[in-house]
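Colleague: I am new to reading structures, and I would like to go through this one with you slowly. Could we take it question by question?

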Amino acid sequence: MTAATAPTTLLGTPLTQLATPCERALLVSDLHIPAAGGAVLVALGDAVAAARAARTPLFLLGDVFDSYVARGQVRVGVWRDVAALLATLAADGVPAHVLHGNRDFLLGAEFAAASRAVVVAGGLRARLGGVDTLLLHGDELCQNDLPYQRAKRWLRHPLTRALARSLPVGLAVRAAARARRRSAMVIAAGDQARFLPTAVAVDAAFATGVARLVFGHIHRFSCGRRGDGAYRVLPAFDADPVGIAIDPAGWRAVRFHRGGRLEPVADPGPCPLAEGASG
């Protein structure tokens, strides 16, 4: 499946316009599903069950996997299992959209074919519940994280991507695990304020004309307003299976339970925004 890309970018991230409005939607982010699967894979199954039961499109806002590098991964292990799980939605006529995250920006056409989901290489602008909404992974908003923003440019260069995607699966998984360990050390040792979204970047997102902004990446469950716009930040789904349900009555935080049952969750406070240039 494909989506028509709008001639628009935000802070270097291409934005895709979803042509068909959705009265209802379920949104989750940052599942970080490991090679062993585990509880988060079960929780994704609960989210899929909820989407199927309500015939509601499901949007995964990046970092579905702890890592995804080589195209061959979709044929084995948990990567194959997740693709098969998402494909059950398409079999029932329920759309699924998967945004690239910083850990799985190499998801490609092979995953789209196996999962029958729309894979979005960037942000997605959509009319959800009657409201113009921008969905992002969120890493592009953290403009003060200069080492990451510099690394992002060369990691996503076409030559780098082509080399990585052609690696044997075992080598790709080991290389990704080493990169994740290094990243965790850098994050733990760094100034934590640099990992926050900047106010000017969030303002740039709303300057695209949307009324709502939803993103993940920073793992801080929060919500608030910025000028005339409203935003929500999704938590890491592997830490707490919480997402957002949208319908014409509004948007609300929900926790997913077995059988697709949704439990309302109290709204959190606002997300702190850092000062700094938008890049």
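Modeller: What follows is a set of questions and answers on this structure, which is a predicted model.

Colleague: How far does helix 2 reach from its first C-alpha to its last?

Modeller: Helix 2 covers residues 77–91 and so has 15 residues, for which a rise of 1.5 Å a residue is expected. The expected span is 21 Å, and the helix comes close to that expectation, with a reach from its first C-alpha to its last of 21 Å.

Colleague: Which residues of helix 2 are buried?

Modeller: To count as buried, a residue must have under 20% relative accessible area. In helix 2 this holds for Val78, Trp79, Val82 and Ala83, and further along the helix for Leu86, Ala87, Leu89 and Ala90.

Colleague: Which residue just after helix 2 takes a positive phi?

Modeller: The place to look is just after the end of the helix, where phi takes a positive value of about 80°. The residue with this value is Gly93.

Colleague: Is Arg55 buried or exposed?

Modeller: Arg55 lies in the loop between helix 1 (39–54) and strand 4 (58–60), and its phi is near 50°, a positive value in a residue other than glycine. A residue is exposed when its relative accessible area is over 50%. Because the relative accessibility of Arg55 is 53%, this residue counts as exposed.

Colleague: And is Asp63 buried or exposed?

Modeller: Asp63 lies in the loop between strand 4 and helix 2, and phi of this residue, which is not glycine, is also positive, near 50°. Its relative accessible area is 1%, and the limit for a buried residue is under 20%, so Asp63 is buried.

Colleague: How many salt bridges does the structure hold?

Modeller: One of them is the pair of Asp139 and Arg156, whose side chains meet at 3.6 Å, N to O. Taken over the structure, the number of salt bridges is 15.

Colleague: How many residues apart in sequence are the parts that Asp139 and Arg156 tie together?

Modeller: The side chains of Asp139 and Arg156 meet in a salt bridge. Asp139 lies in the loop between strand 8 (131–135) and helix 4 (146–155), while Arg156 lies in the loop between helix 4 and helix 5 (158–165), so the pair ties together parts whose separation in sequence is 17 residues.

Colleague: What is the distance between the closest N and O atoms of Arg232 and Asp267?

Modeller: Arg232 is buried, with a relative accessible area of 6%, whereas Asp267 is partly exposed at 47%. The pair links distant parts of the chain, with Arg232 in strand 11 (residues 229–233) and Asp267 in the segment after strand 14 (262–264). In their salt bridge, the closest N and O atoms are apart by 2.8 Å.

Colleague: Which residue forms a salt bridge with Asp240?

Modeller: Asp240, which is partly exposed with a relative accessible area of 26%, has its partner in strand 13 (residues 250–256), 15 residues apart. The side chains meet at 2.9 Å, N to O, and the partner is Arg255.

Colleague: Which residues gather in a patch of positive charge on the surface?

Modeller: One member of the patch lies in helix 6 (residues 169–189), namely Arg182, which is exposed with a relative accessible area of 51%. The residues that gather in this patch are Arg174, Arg178, Arg181 and Arg182.

Definitions and conventions: Residues are numbered from 1 along each chain as its sequence is written. This is a predicted model: local features need pLDDT of at least 70, side-chain atom pairs count only at pLDDT 80 or more; totals for chains, interfaces and linings use all residues. Side-chain values use heavy atoms; hydrogens and water are left out. Helices (H or I, at least four residues) and strands (E, at least two) are DSSP runs, numbered from the N terminus. Buried means under 20% relative accessible area, exposed over 50%, partly exposed in between (1.4 Å probe, protein chains only). Patches are made of residues with over 30% relative accessible area and no salt bridge: like charges are joined within 9 Å, nonpolar side chains (Val, Leu, Ile, Met, Phe, Trp, Tyr) within 5 Å. Accessible areas come from the Shrake-Rupley method with a 1.4 Å probe; for residues, only the protein chains shown count as cover. A salt bridge is a side-chain nitrogen of Lys or Arg within 4 Å of a carboxyl oxygen of Asp or Glu. Lys and Arg count as positive and Asp and Glu as negative; His and the chain ends are not counted. The place of a charge is taken as NZ of Lys, CZ of Arg, CG of Asp or CD of Glu.
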